[in-house]
Amino acid sequence: MQFNSLQFLLFFPVVAGCYFAIPFRYRWALLLAASYYFYMCWKAEYIILILASTAIDYLAAIGMEKCAGTRTRRMWLVLSLCANLGILFAFKYFNFFSDSVRAALDRFDLFYDVPQFEALLPVGISFYTFQSMSYTIDVYRRARPVERHVGLFALYVAFFPQLVAGPIERSMSLLPQFRKQFDFDYSRVVSGLQLIFWGLFKKMVIADRLAHAVDQVYSNPDSYAGPALILASYFFAFQIYCDFSAYSDIAVGCARVLGYDLTQNFRRPYLATSISNFWQRWHISLSTWFRDYLYIPLGGNRAGKIRWQANLLAVFLVSGLWHGANWTFVAWGGLHGAYMVIGIWTASLRNRAARLVGLTRHPRIRAGLQIVITFHLVVAAWVFFRANTVAEAVN
């Protein structure tokens, strides 16, 4: 079920009306049933994957709570991570890695006969997998208590507004809200509906219109000259922003109508003054997830300059792969990682150059130049994100 479908136009008012009409103690069950129905409208049998992730992580957290020893707690965490990442790998990445191995072995005329895993990609699997894993990691770190109410935990994993396209919520933020009673609040409902309509406008009026031009050029780039390719790349930058941020706006708006607050996922990213600043504004829930659960555990910027830069590259490569099972996404992530490392290398040089030409005395002009440069670096990386192959992107 898509947010911009007639089905959702009927679904959400019914859910919201029933939500405020029934007693508070039954609302979690209504939302859970609505969330499972919402997901099953895509492909009913894939609800088994959500149920499996929910059950494994719920039981793993209970197991960690009962164990005082670090080693046993770590075993429960490893079980949770292996199960979640195993499901994600099987459905999203198995064929990608298998095809890559086959292509590499074919160069040496080596036989490789591993069959394809014939299954449709479950919608939203990357989002709810990361959301569920963050809970077990937080429990392992003793950053939050175990959630004993299986229904509320299941709702946390499958909450329909942000189930298929984020934002990726943290259990410490969302789970406590399910225990609060929210009465009908006219101002919140109006604010939420305004955000929903704004998201629909960005998706249907801007993003979908730009997509026609972008698809025409990127489907056959060899047929177009430089100006058309540049214009299509500019169009894609705004298409993907309006498309992705629209889903986040609608998700936040739907949750706000019901009384819940979700994470702000975008904050005017194309006004960023550096690539680092861009990632503080773009897909915030994902960038902070990687920061807290991958970058910092790898050592962050505390492990020496070389290790710090290696950590940055590793995180951005994984981030690229998270977005899709294609080398174009890996290249996109790697390019952003390279931007970050080059930014570290050239920081003092750029500051000296700014002082030399007098930009330090004109901070607004300097910020404007930084915005323009950062935007075009981002657009250049979007070429890899949108292109069908790395070769097409390079061409």
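Me: In this predicted model, how far apart are the N and O atoms where the side chains of E45 and K43 meet in a salt bridge?

Reply: Side chains of opposite charge can pair when their charged atoms come close. In this predicted model, K43 has a relative accessibility of 28% and is therefore partly exposed, while E45, at 43%, is partly exposed as well. The salt bridge that joins the side chains of E45 and K43 has an N to O distance of 3.0 Å.

Me: How many salt bridges does the count come to?

Reply: A pair is counted when a side-chain nitrogen of Lys or Arg is within 4 Å of a carboxyl oxygen of Asp or Glu. The pair of K203 and D243, with 3.3 Å from N to O, is one that meets this rule. By that rule, the count for the model comes to 11 salt bridges.

Me: How many residues apart are R170 and D292, which link distant parts of the chain?

Reply: The closest N and O atoms of R170 and D292 are 3.0 Å apart, and the two residues form a salt bridge. R170 is in the loop between α6 (150–158) and α7 (171–174), whereas D292 belongs to helix α11, which covers residues 284–295. The pair thus links parts of the chain that are distant in sequence, with a separation of 122 residues.

Me: Is R170 buried or exposed?

Reply: The word depends on the relative accessible area, and a residue under 20% is called buried. The relative accessibility of R170 is 17%, so R170 falls under that limit. Its salt-bridge partner D292 also has a relative accessible area of 17% and is buried. By this reasoning R170 counts as buried.

Me: Which helix holds D243, the partner of K203?

Reply: The side chains of K203 and D243 meet in a salt bridge, with 3.3 Å between N and O. K203 lies in helix α8, and its partner is 40 residues away along the chain. Both are buried, because K203 has a relative accessible area of 11% and D243 one of 19%. The helix that holds D243 spans residues 226–258 and is α9.

Me: Which residues does L195 touch, not counting those up to four places away in sequence?

Reply: L195 lies in helix α8. Along the chain L195 and R256 are 61 residues apart, yet their C-alpha atoms are separated by 9.1 Å. With residues up to four places away in sequence set aside, the residues touched by L195 are D249, V252, G253 and R256.

Me: Which residues make the nonpolar surface patch of about 370 Å²?

Reply: One member of the patch is W198, a residue of helix α8, which runs over residues 186–218. Patch members must have over 30% relative accessible area. W198 has 44% and is partly exposed, so it passes that limit. The patch of about 370 Å² is made by W198, F201, M204 and V205.

Me: At what angle do helix α2 and helix α3 pack?

Reply: Two packed helices are described by the angle between their axes and the distance between the axes. Helix α2 covers residues 27–40 and helix α3 residues 47–66, and their axes are 9 Å apart. The contact is made by Y36, Y39 and M40 on the α2 side and by I47, I50 and L51 on the α3 side. The two helices are therefore oblique to each other, and the angle at which they pack is about 135°.

Me: What is the omega of the cis peptide bond that joins G166 and P167?

Reply: Most residues other than glycine have a negative phi, and most peptide bonds are trans. P167 is placed in the loop between α6 and α7. The bond joining G166 to P167 is cis, and its omega is about 5°.

Me: What value is the phi of R268 near?

Reply: R268 is found in the loop between α9 and α10 (275–279), and with a relative accessibility of 59% R268 counts as exposed. R142, in the loop between α5 (125–140) and α6, is exposed too at 56%, and its phi is near 60°. R268 likewise has a positive phi although it is a residue other than glycine, and that phi is near 45°.

How values were computed
Residues numbered from 1 in each chain as written. Predicted model: local features only at pLDDT ≥ 70, side-chain atom pairs only at ≥ 80, totals over all residues. Heavy atoms only, no water. Patch = residues over 30% accessible without salt bridge, like charges linked within 9 Å, V, L, I, M, F, W, Y side chains within 5 Å. Areas by Shrake-Rupley, 256 points an atom, 1.4 Å probe, with all protein chains shown as cover. Helix = DSSP H or I, 4+ residues; strand = E, 2+ residues; numbered from the N terminus. Buried < 20%, exposed > 50% of the residue type's maximum accessible area, 1.4 Å probe, protein only. Axes fitted to C-alpha atoms, helices over the stretch in contact; angles between N-to-C directions. Parallel < 35°, antiparallel > 145°, perpendicular 65-115°, else oblique. Contact = heavy atoms within 4.5 Å.
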